[in-house]
Amino acid sequence: MTTTEIKTNDRTTAPATTVRSNPAMARLDFAKTAPKVFRAVIGLDAAAREGLDPALVELVQIRASHLNRCAYCLHMHTTDARKAGESEDRLHMVAVWQEADHFFTDRERSALALTDAVTRIGDAGVPDEVYDRAAAHFTEGELAHLLALIFTINTWNRIALSTAKRAGTDER
C-alpha cells in the first residue's frame, strides 16, 4: 500500500486516501468469518428501520455513506432508493443537501443534519441545536430509531471499507 500527501491549504498537508497496491485482492468475508456478529448487525439494522419512512432511511444511509466515502454502500443504497422510486434529482443533491435544501422536507433536513453530526461525532459531538431540530420533527421513539439507523449505517460503512468491498458487487 502507498500513502501520499495532499495539500489541504497553504500551510498544512494531510495523508491522502491509502491506495491498495492490488485492489482486486480479496480481504476476509466478514459475513462468513464472523456470522454471529454479521447477523447481529443485520438485526440492529432491521430494528432501527422500524417505524421510519423507507425513503428517509435511504437518504440517511446515502448521506452517511458519502461522508464515510463508502462506495460499496453508496452504490447499494442509491440503487435501493431508485428501485423505491426516489428521484435522480434528490439522489444527486444528498451530498450537498445544505445548499440544496429545497429538495428536502424540514423533517428530512433535520435527519440529514443529525446524520452529519453523528457520523462526524469526533469533530464536535452532536450539537444541541442539531439534536433539538431533529427532536422537533420526530417522536422520541422515531428519534431513537433514527439514531440507531445512523449508528448502523456507520457500522456497515466501516465493515465494507475495512474488508475492501467493491461497489457494484452487492451480494444481498
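Let's start in the loop between α3 and α4, where you'll find Arg69; helices here are DSSP runs of H or I with at least four residues, numbered from the N terminus. Arg69 is not a glycine, yet its phi is positive, at about 60°. With 61% relative accessibility, Arg69 counts as exposed (exposed is over 50% relative accessible area, buried under 20%, partly exposed in between, using a 1.4 Å probe and protein chains only). Ala164, in the segment after α9, also has a positive phi of about 60° without being a glycine. Ala164 is partly exposed, at 23%.

Before going further, a word on what you're looking at. This is a predicted model, so local features need pLDDT of at least 70 and side-chain atom pairs count only at pLDDT 80 or more, while totals for chains, interfaces and linings use all residues. Residues are numbered from 1 along each chain as its sequence is written, and side-chain values use heavy atoms, with hydrogens and water left out. The chain has a mean pLDDT of 87, with 84% of its residues at 70 or more; pLDDT is the predictor's confidence in each residue, from 0 to 100. Residues 1-16 stay under 50. Where pLDDT is low, the predicted coordinates should not be read in detail.

Now step back from Arg69 into α3 itself, residues 54-68. The ends of this helix are 21 Å apart, C-alpha to C-alpha, in agreement with the 21 Å expected for 15 residues (the expected span is 1.5 Å times one less than the number of residues). Of those 15 residues, 12 are buried, so α3 is largely enclosed by the rest of the structure. The buried residues of α3 pack against α2, α4, α5, α6 and α9.

One of the buried residues is Val60, and it takes us into the largest nonpolar core. A nonpolar core is a set of buried Ala, Val, Leu, Ile, Met, Phe, Trp, Tyr and Cys residues joined through side-chain atoms within 4.5 Å. This one has 27 residues, and Val60, Leu114, Leu146 and Leu149 touch the most other members. Two or more residues each come from α3, α6, α8 and α9. A second, separate core of 10 residues includes Ala64, Tyr72, Trp156 and Ala160.

Trp156 also belongs to an aromatic cluster with Phe30 and Phe38. What is the geometry of the Phe38 and Trp156 rings? Their centres are 5.3 Å apart and their planes at 70°, so the pair is edge-to-face (rings of Phe, Tyr and Trp, taking its six-membered ring, pair if their centres lie within 6.5 Å; planes under 30 degrees apart are stacked, over 60 edge-to-face, and the rest tilted). Phe38 sits in α2 and Trp156 in α9, 118 residues apart. Trp156 is buried at 16%, whereas Phe38 is partly exposed at 24%.

That leaves the charged side chains, with eight salt bridges in the structure (a side-chain nitrogen of Lys or Arg within 4 Å of a carboxyl oxygen of Asp or Glu). Arg90 and Glu108 meet at 2.8 Å, N to O, linking α5 to α6, and both residues are buried. Glu142 pairs with Arg107 at 3.4 Å; Glu142 is in α9 and Arg107 in α6, so this bridge ties together parts 35 residues apart in sequence. Shared partners join Glu86, Arg90 and Glu108 into one network.

Technical notes
Contact means heavy atoms within 4.5 Å.
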